[in-house]
Amino acid sequence: MILVIGSTFDDVIYFDSKLRNKTEEKPFGAVKVFSGDAFSQRVVVAYGATTSYMMAAATAYLADKYSVILVINVGKCFSYSENLKAGDVVISESIHICDVDQRAIDPRLKIGQIPGMPEYFNISSYLSNLTVTTAEKLSLINVKAATYFSSDVIYRSPDEIKHLTSGDYVLGSSKNVVFDSESGAVAVASSLIDVPSLCVKVVSSPFKDKVTTADLVDVMHAYARIGRLLVALIGEISRNDTMAA
């Protein structure tokens, strides 16, 4: 199976309406679960994990229960880079956890690094490249690869992340930088259970701006593009014999 997981029902609403032979599953706490068919793959879809703690637990539990071969995290993010606008779809290239700092117990660690884990999580180039290529085949506009920074703290002002930034750089990264609250949890859980993961999200607004009504409209339109993209991506994966790591 492939697991698609988001925080809210809006994040996964496309799959609720498009998957064939859909069935509801027993919920995991506050997390709601359903599954259905896309091409020759069975897809399990979950939503309701609103913090990194719940997202990590739900990802690990569901991936193990359903023998998942790929985890796809969907939802919204905020863009730090000026070239990313509301409604843009961003695909994870790497994921950094920016609310972890264990340097006091081991000065060899970096900001965002969990002891015993990498400084940040690289996403499979096979998966990211396949996703971008699939988007191009569908003629989907505003789909870009991005560097994700994940935190349970909702940062909305550059002043709040001065400890992470240097000019245009956030922990050394400057290209297509976005912030969210779930991708780090998915990356950690996926790493622990040795299952590849990918984030495909929509920019809800620039980092320092308030989310407007127009932004929300752009986000809802983008959800449909993400849904089309992921269904096509699942089809591409189904045509391959193995899931590349």
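Start by selecting F9, I13 and M220: together these three make a nonpolar surface patch of about 220 Å². Keep in mind as you click around that this is a predicted model.

**Stop 1: helix α1**

Stay on I13 and colour the helix it belongs to, which is α1, residues 9–18. I13 has a relative accessibility of 32%, so it counts as partly exposed.

Now pick out the residues of α1 that are buried: D11, V12, Y14 and F15. Look down the helix axis and you'll find them on the same side of α1, because they cover an arc of only 115° around that axis. There's a handy rule to remember here: an α-helix has 3.6 residues a turn, so residues three or four places apart point the same way.

What do the buried residues of α1 pack against? Show the strands β1 (2–6), β3 (32–38), β4 (41–47) and β5 (70–79), then add helix α5 (213–238), and you have the set of partners.

**Stop 2: the nonpolar cores**

Next, go inside. The largest nonpolar core has 47 residues, and the ones touching the most other members are F15, V45, I72, V90, V178, V200 and L230. You've already met F15, one of the buried residues of α1. The element that gives the most to this core is α5, with nine residues.

Select I72 and display what surrounds it. Which residues is I72 in contact with, once its neighbours within four places in sequence are left aside? They are I2, L3, V4, I5, L198, V200, L230 and L233. Two names on that list, V200 and L230, should look familiar from the core.

There's another core lying apart from the largest one; it has 17 residues, including I5, V31, V44 and A49.

**Stop 3: helix α4**

Jump to residues 183–193, helix α4. Is this helix mostly covered or mostly open? It is mostly covered, with eight of its eleven residues buried. To see the buried ones, select S183, G184, A185, V186, A187, V188, A189 and S190.

Then step just past the end of α4 to D194, which takes a positive phi of about 60°. That's worth a pause: most residues other than glycine have a negative phi.

**Stop 4: two more positive phi angles**

Select S139 next. Although S139 is not a glycine, its phi is positive, at about 60°. You'll find S139 in the loop that runs between α3 (125–137) and β8 (143–150). With a relative accessibility of 59%, S139 counts as exposed.

Now try N176, which also isn't a glycine and has a positive phi of about 50°. N176 sits in the loop between β10 (169–170) and β11 (177–180). Is N176 buried or exposed? At 10% relative accessibility, N176 counts as buried.

**Stop 5: D168**

Select D168, in the loop between β9 (165–166) and β10. D168 counts as exposed, at 62% relative accessibility. Not counting residues up to four places away in sequence, D168 touches Y80, S173 and S174. If your viewer has a distance tool, draw a line from the C-alpha of D168 to that of S157: the two are 14 Å apart in space and eleven residues apart in sequence.

**Stop 6: salt bridges**

How many salt bridges are there in the model? The count comes to ten. Here are a few to zoom in on.

- K144 and D88: their closest N and O atoms are 3.8 Å apart. K144 is in strand β8 and D88 is in the loop between β5 and β6 (89–97), so this pair ties together parts that are 56 residues apart in sequence. K144 is partly exposed, with a relative accessible area of 26%, whereas D88 is buried, at 5%.
- R103 and D101: the closest N and O atoms here are 2.8 Å apart. R103 is partly exposed at 38% relative accessibility, and D101 is partly exposed too, with a relative accessible area of 42%.
- K162 and D159: these side chains meet at 3.7 Å, N to O. K162 is exposed, and so is D159.

For your last selection, take D180, E182 and K201 together: salt bridges that share partners join them into one network.

Note on methods:
Residues numbered from 1 in each chain as written. Predicted model: local features only at pLDDT ≥ 70, side-chain atom pairs only at ≥ 80, totals over all residues. Heavy atoms only, no water. Patch = residues over 30% accessible without salt bridge, like charges linked within 9 Å, V, L, I, M, F, W, Y side chains within 5 Å. Areas by Shrake-Rupley, 256 points an atom, 1.4 Å probe, with all protein chains shown as cover. Salt bridge = Lys/Arg side-chain N within 4 Å of Asp/Glu carboxyl O. Helix = DSSP H or I, 4+ residues; strand = E, 2+ residues; numbered from the N terminus. Buried < 20%, exposed > 50% of the residue type's maximum accessible area, 1.4 Å probe, protein only. Arc of directions from axis to C-beta. Contact = heavy atoms within 4.5 Å. Core = buried A, V, L, I, M, F, W, Y, C linked by side-chain atoms within 4.5 Å.
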